[in-house]
Each structure stands twice: as C-alpha cells, then as structure tokens.
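Biologist: Let us go through the surface charges and patches of this model. Please keep the answers short.

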Amino acid sequence: MPLSEHEQRMLEQMERALYAEDPKFATALEAAGMRRHTRRRTVQAILGFLLGVVLLMTGMMVQQIWVSVIGFLAMLGGALLAVSGWRRGSATANAGEGGGAPGRTRTPRRRKAKVMNRIEDRWRRRREENG
C-alpha cells in the first residue's frame, strides 16, 4: 500500500532530520541497505548468466539456433546486470566513506569544482595578459 502525500512528506522530514543530526550513522544505514540490494542483484545476474549457458548448450545439442540465441542474450543480460551492480556497489562504498547526501559521492563534485576553478584561473590569466 503506497504512502499518502502527507506520510511521504513526514518521512522525508524525518530522513533530513536524521542526516542533519547524525550523517555518519544515516550513511552507514543506507550503505547497509544498498549492499543487500547489490548482493541480491549480483546473485540474480549470476543465475541469469548460468541459465544462458544452459540454454546456449541446449540449443546446440538440439540444433535449434533460436534457443542458442536466447541463451546468448540471457548470458549477455546477466553479465551486464553484474557489471552495473558492481559499479553501483563501488559507488555506494565511496558514498559511505564520505558522508553527505544519500546515494551520492562527493568526489565527482570536488573534481568538477577543481576543474572549473582551473579553467576560471586560466581565463583570468589570459585576460590579464591580453589586456
């Protein structure tokens, strides 16, 4: 049963208060939930890949190309799911270390700020040299 608008707003306020009060604890809770989700997704990806191998081999034995193609697609889907889950898992681990906003890492923002500062510095130097 979905939450009403009022309940959703209350939940968001409670989450913000938790992050404001103890961001380290809130990030640790979020990271634990994401690890569970990532683990489940990885298991699903492995099972999909193994199912694809079985279908591929079965298609070869019964000489039905379409079964082999479906098996290959299942293998490809399983591999893509595993890689995307692995990337999300590493991003979540980085978010757990830095604290801050839920589900976001701080390093890309810092890098972007550093790059922008360097570009602005270069622009200022060029303007000062030319005029």
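**Salt bridges and surface patches**

Modeller: Arg9 has a relative accessible area of 45%, so Arg9 is partly exposed (buried is under 20%, exposed over 50%, partly exposed in between; 1.4 Å probe, protein chains only). This is a predicted model, where local features need pLDDT of at least 70, side-chain atom pairs count only at pLDDT 80 or more, and totals for chains, interfaces and linings use all residues. Residues are numbered from 1 along each chain as its sequence is written, and side-chain values use heavy atoms, with hydrogens and water left out.

Biologist: Which residue forms a salt bridge with Arg9?

Modeller: A salt bridge needs a side-chain nitrogen of Lys or Arg within 4 Å of a carboxyl oxygen of Asp or Glu. For Arg9, the closest N and O atoms of the pair are 3.9 Å apart. Both residues lie in helix H1 (residues 5-21), 4 residues apart, about one turn of the helix; helices are DSSP runs of H or I, at least four residues, numbered from the N terminus. The partner is Glu5.

Biologist: Is Glu5 buried or exposed?

Modeller: Relative accessibility decides this. Glu5 stands at 60%, so Glu5 counts as exposed.

Biologist: How many salt bridges does a search of the whole structure find?

Modeller: One of them joins Arg9 and Glu5. Arg124 meets Glu120 at 3.7 Å, N to O, and Asp121 forms a salt bridge with Arg124 at 2.9 Å. The search finds 3.

Biologist: Which residues are joined into one network by salt bridges that share partners?

Modeller: In helix H4, Arg124 and Glu120 are 4 residues apart, about one turn of the helix. Asp121 and Arg124 are 3 residues apart in helix H4, so about one helical turn separates them. The network holds Glu120, Asp121 and Arg124.

Biologist: Which residues gather in a patch of positive charge on the surface?

Modeller: Patch members have over 30% relative accessible area and no salt bridge, with like charges joined within 9 Å and nonpolar side chains (Val, Leu, Ile, Met, Phe, Trp, Tyr) within 5 Å. Lys and Arg count as positive. Arg118, one of the members, lies in helix H4 (residues 107-130) and is partly exposed at 47%. The patch is Lys114, Arg118, Arg122, Arg125 and Arg126.

Biologist: What accessible area do the residues of the nonpolar patch have together?

Modeller: Ile65, Val69, Phe72, Leu73, Leu76 and Leu80 form the patch. Leu76 lies in helix H3 (residues 65-98) and is partly exposed, with a relative accessible area of 40%. By the Shrake-Rupley method with a 1.4 Å probe, the area together is about 610 Å².

Technical notes:
Helix = DSSP H or I, 4+ residues; strand = E, 2+ residues; numbered from the N terminus. Charge placed at Lys NZ, Arg CZ, Asp CG, Glu CD.
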